[in-house]
Structures are given as structure tokens and as C-alpha cells.
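Me: I have a structure open here and would like to go through the labels people put on it. Could you take me through the reasoning behind them?

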Amino acid sequence: MQKTNKPTSWIYVLKDLIDAYFKSANKKPRTWHQHVVPYEDGWAVRREGNKRITSKHRKQSTAINKAKTIAKRRNADVIIHHASGGIRERINYD
């Protein structure tokens, strides 16, 4: 007696798993790099790719210290910007 259901072979299942893996592997991994950027009358720390800021500070040095603390925990980089917006320095914590 034959089954009325569609036969599924392990090859098709394997193919589907491989396709799903490669689709997920093509996504960019989330980065935790911390940017120290000018913000209103002071400075802010912002994670790379975020629109929202992580913290606001009156002094750039305070913002740099906060960004370093976060970057050390996440094995990320700190990117320090000039008041004009250009990159001044990059510190790596890998």
C-alpha cells in the first residue's frame, strides 16, 4: 500500500538546512564599536549603527572613559571624533 503523502528524502531536508545556514551567515554581525561624537553642547557615546546615544557628557574625556569601559567589556573599538565630526583616533580592545 502506497502513502498518499509526498515523499521527503533526507537529501531535501539537508538541502533546506544548508540553504538556511547560508542565508543566516550572509548577515552582518552586530558590532559593538563605541563612537565618541559631539552632541549638543557636549559629547556623547554612541554604539556603531545606532541612532540613539548611550550616554551624554559635558567633557570629551569623560565620554572617552565611558566608551573605553563599554568597549573593553565587548572586545570592541573606541572611535573618537573631532568636534568637526572627523575621526581623531581609534583604540582597539580585541
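Reply: Happy to; what follows is a set of labels and the reasoning for each, and please keep in mind that this is a predicted model.

Me: Why is Asp 77 called buried?

Reply: Asp 77, found in strand β4, has a relative accessible area of 6%. Buried means under 20%, so Asp 77 earns the label. Its contacts include His 33, Gln 34, Ala 71 and Tyr 93.

Me: What makes the pair Asp 77 and Arg 90 a polar contact?

Reply: The two side chains come to 2.8 Å. The cut-off is within 3.5 Å for a suitable pair of N or O atoms, so the value of 2.8 Å fits.

Me: And why is Tyr 21 called exposed?

Reply: Tyr 21 lies in helix α1, residues 10–25. Its relative accessible area is 54%, and exposed means over 50%, so the word applies to Tyr 21. Tyr 21 also helps make a nonpolar surface patch of about 700 Å², together with Trp 10, Ile 11, Leu 14, Ile 18 and Phe 22.

Me: How do you know that β1 pairs with β2 and with β4?

Reply: Pairing takes at least two bridges. β1 and β2 share six, in the antiparallel sense, whereas β1 and β4 run parallel with three, so both pairs qualify. Val 36 shows up in both: its bridge partner in β2 is Val 45, and in β4 it stands opposite Ile 80.

Me: What lies between β1 and β2 in their hairpin?

Reply: Two residues do, and Glu 40 in that turn has a positive phi of about 50°.

How values were computed: Residues numbered from 1 in each chain as written. Predicted model: local features only at pLDDT ≥ 70, side-chain atom pairs only at ≥ 80, totals over all residues. Heavy atoms only, no water. Helix = DSSP H or I, 4+ residues; strand = E, 2+ residues; numbered from the N terminus. Buried < 20%, exposed > 50% of the residue type's maximum accessible area, 1.4 Å probe, protein only. Polar contact = N/O pair within 3.5 Å; in protein donor to acceptor, adjacent residues only side chain to side chain. Contact = heavy atoms within 4.5 Å. Patch = residues over 30% accessible without salt bridge, like charges linked within 9 Å, V, L, I, M, F, W, Y side chains within 5 Å. Areas by Shrake-Rupley, 256 points an atom, 1.4 Å probe, with all protein chains shown as cover. Salt bridge = Lys/Arg side-chain N within 4 Å of Asp/Glu carboxyl O. Lists of a residue's contacts leave out its neighbours within four places in sequence.
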